[in-house]
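Grab a coffee and work through these exercises with the model open beside you. Try each task before you read its solution.

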Amino acid sequence: AAGSNWSMAGRTLHRIYGVAMIAAAAYSHMPWEDVPYDRFEDLLHSVAASVVGMSFVIGVLVVSIGRLPNQIRPRLFDWFAITASMAISLMMFTFVDYAGAMQRVMFGAGIVWYALETIRWRQAHPTGSEEVEQLAPTGPGPFERS
């Protein structure tokens, strides 16, 4: 199962990924056009984007290492996500004109990996199971009256 069976290091790295993803979205990068821009904000965007990539790759690696020996298919998906992320990152420097499209493919690989982990977790923890009930919010939802 995913998520709840990840080590503390794996969970922490994926939390860092999420925070860095928000930071990368919050800070603007250098525009493609020749217009004035904030160089410090571009630097913050670049640092956040680098943290996104490193935390994802290392986080998936840590999760993969922690898998049971019989979890061959999930481990293959782990290595696909790691290889795709690293290869596409390197290709973005070579094929600069296509970097934006390649970046979206790279994020797509990450989203597929997280989706597969979610599916695996849901299969191991069906609705109504004790662990799912503990995670479920209690009381009215954010848009409901109490």
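**Exercise 1. Work out how helix 1 and helix 2 cross: what is the handedness, and what is the angle?**

Step 1: handedness. Helix 1 and helix 2 make a left-handed crossing; a crossing gets that label if the near helix is turned anticlockwise from the far one by less than a right angle, and counts as right-handed if clockwise. Helices here are DSSP runs of H or I with at least four residues, strands are E runs of at least two, and both are numbered from the N terminus.

Step 2: angle and distance. The two axes come within 8 Å and cross at roughly 155°. Axes are lines fitted to C-alpha atoms, for helices over the stretch in contact, and the angles run from 0 to 180 degrees between N-to-C directions.

Step 3: orientation. Helix 1 and helix 2 are therefore roughly antiparallel. The cut-offs are under 35 degrees for roughly parallel, over 145 for roughly antiparallel, 65 to 115 for roughly perpendicular, and oblique for the rest.

A word on the ground rules: this is a predicted model, where local features need pLDDT of at least 70 and side-chain atom pairs count only at pLDDT 80 or more, while totals for chains, interfaces and linings use all residues. Residues are numbered from 1 along each chain as its sequence is written, and side-chain values use heavy atoms, with hydrogens and water left out.

**Exercise 2. Take stock of the whole chain: how many helices and strands does its secondary structure come to?**

Step 1: count. You should get five helices and zero strands, running α-α-α-α-α from the N terminus on.

Step 2: burial. Of the 146 residues in the chain, 29% are buried. Buried means under 20% relative accessible area, exposed means over 50%, and partly exposed is in between, with a 1.4 Å probe and protein chains only.

Step 3: contacts. Take the contacts (heavy atoms within 4.5 Å) between residues at least 6 apart in sequence: 58% of them join residues at least 24 apart.

**Exercise 3. Sort out the faces of helix 1: which of its residues are buried, and which are exposed on the other side?**

Step 1: check the length. Helix 1 has 19 residues (8–26), which at 1.5 Å a residue should span 27 Å, and its end C-alpha atoms are indeed 27 Å apart. The expected span is 1.5 Å times one less than the number of residues.

Step 2: list the buried set. In helix 1 these are G10, L13, H14, Y17, A20 and A24. They sit on the same side of helix 1, because they cover an arc of only 120° around the axis; the arc is that of the directions from the helix axis to the C-beta atoms.

Step 3: recall the geometry. An α-helix has 3.6 residues a turn, so residues three or four places apart point the same way.

Step 4: flip it over. On the other side of helix 1, M8, R15, V19, I22 and A26 are exposed.

Step 5: find the partners. The buried residues of helix 1 pack against helix 2 (39–65) and helix 4 (99–124).

**Exercise 4. Zoom in on A24 and H45: what is each in contact with, leaving aside neighbours within four places in sequence?**

Step 1: A24. This residue of helix 1 counts as buried because its relative accessibility is 11%. Its contacts beyond those neighbours are H45, A48 and A49.

Step 2: H45. Found in helix 2, H45 counts as buried at 16% relative accessibility. With the same neighbours left out, H45 touches A24, Y27, S28 and H29.

Step 3: a distance. A24 and S50 are 26 residues apart along the chain, yet their C-alpha atoms are separated by 9.1 Å.

**Exercise 5. Place D78: where is it found, and how does its helix pack against helix 2?**

Step 1: D78 belongs to helix 3 and counts as buried at 0% relative accessibility.

Step 2: beyond neighbours within four places in sequence, D78 is in contact with V60, S64, R67 and W113.

Step 3: helix 2 and helix 3 pack at about 160°, their axes 9 Å apart. They are therefore roughly antiparallel, and the crossing is left-handed.
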